[in-house]
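Biologist: Please give me a close look at one single part of this model, and then place that part within the chain.

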Amino acid sequence: MRKDAAVSEATAATPAPVMGLYDAPMWTSIRERRMRLQCCRACGAWLYPPGPGCPACRSADLEWREVSGGARIASWVVFHRQYLPAYPAPYNVITVRLDEGPLMVSNLEGAVPDGSWIGRRVRLTYAAMPDGAVLPRFVLDGGG
Ligand SMILES: [Zn+2]
């Protein structure tokens, strides 16, 4: 029983987000459960991860906009070995293509697809971690 209690404490730990120069507004919006990413006012491209300028047209005229939450799975994997206390095995990691364009790495919560996950519609949700952190996650979208 002592060992189980130790595992419980360990699973409460979530790795803290790595905060770059441009990341704070994104993590604030995630805590508010309305994720915003930078969008280029010059060409309309969306940026992820956040940065100082548009990689498409090099403009520095960027604004923070809320994403739609729609996405499609571009890649996925299920890990059967535990690497971090907050992620007991087995757990999945997905790469999604947001409807706005950027690729984002996250996890699929809840039901998982039969067969290949690639191309499945997902929508953004938010996971409250035991230590208070809020992380962007995805769930299958009923529309397929
Ligand atoms: Zn641009």
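Modeller: What follows is an account of strand E1, its sheet and the core around it, set within the chain.

The model is predicted, so local features are reported only at a pLDDT of at least 70 and side-chain atom pairs only at pLDDT 80 or more, while totals for chains, interfaces and linings use all residues. Residue numbers start from 1 along each chain as its sequence is written. The average pLDDT (the predictor's confidence in each residue, from 0 to 100) of the protein chain is 89, and 90% of the residues score at least 70. Residues 1-11, however, have a pLDDT below 50, and this stretch makes 4 contacts in the model beyond near neighbours in sequence; two residues are in contact if their C-beta atoms, placed from the backbone, lie within 7 Å.

The protein chain holds 2 helices and 9 strands, in the order α-α-β-β-β-β-β-β-β-β-β from the N terminus. These elements are DSSP runs numbered from the N terminus: helices are H or I with at least four residues, strands are E with at least two. Strand E1 covers residues 36-40.

E1 belongs to an open sheet of 3 strands with the order E2-E1-E3 and antiparallel pairing, where pairing requires that DSSP find at least two bridges between two strands. Strands E2 (46-47) and E3 (62-66) stand at the edges with a single partner strand each, so one side of each has no neighbour in the sheet. Towards E3, E1 is joined by 5 bridges. Gln38 has Trp64 of E3 as its bridge partner, and Cys40 is bridged to Leu62 of E3. Towards E2 there are 2 antiparallel bridges, and Cys39 has Trp46 as its partner there. E1 and E2 form a hairpin with 5 residues between them, and Gly44 in its turn takes a positive phi of about 85 degrees.

Is E1 enclosed or open to its surroundings? Of its 5 residues, 4 are buried, so the strand is largely enclosed by the rest of the structure. A residue is called buried if 20 or more other C-beta atoms lie within 10 Å of its own, exposed if 12 or fewer, and partly exposed in between, with C-beta atoms placed from the backbone. Across the 144 residues of the protein chain, 17% count as buried.

Leu37 connects this strand to the largest nonpolar core, which has 19 residues; Leu37, Ala71, Val96, Val122 and Phe138 touch the most other members. Such a core is a set of buried Ala, Val, Leu, Ile, Met, Phe, Trp, Tyr and Cys residues joined through C-beta atoms within 7 Å. E1, E4 (70-79), E5 (91-98) and E8 (121-128) each supply at least two residues of it. Domain 1 (17-66) and domain 2 (68-144) both contribute residues, so the core lies between them; the domain bounds come from an automatic or database assignment. Leaving aside residues up to four places away in sequence, Leu37 touches Met26, Trp46, Leu47, Tyr48, Arg65, Val67, Glu100 and Pro102.

Two other strands that supply this core, E4 and E5, are antiparallel partners over 8 bridges, with Ile73 bridged to Val96 of E5. E5 is also joined by 4 antiparallel bridges to E6 (residues 103-106), and Arg97 has Leu103 of E6 as its partner. The hairpin of E5 and E6 has 4 residues between the strands, and Gly101 takes a positive phi near 125 degrees there.
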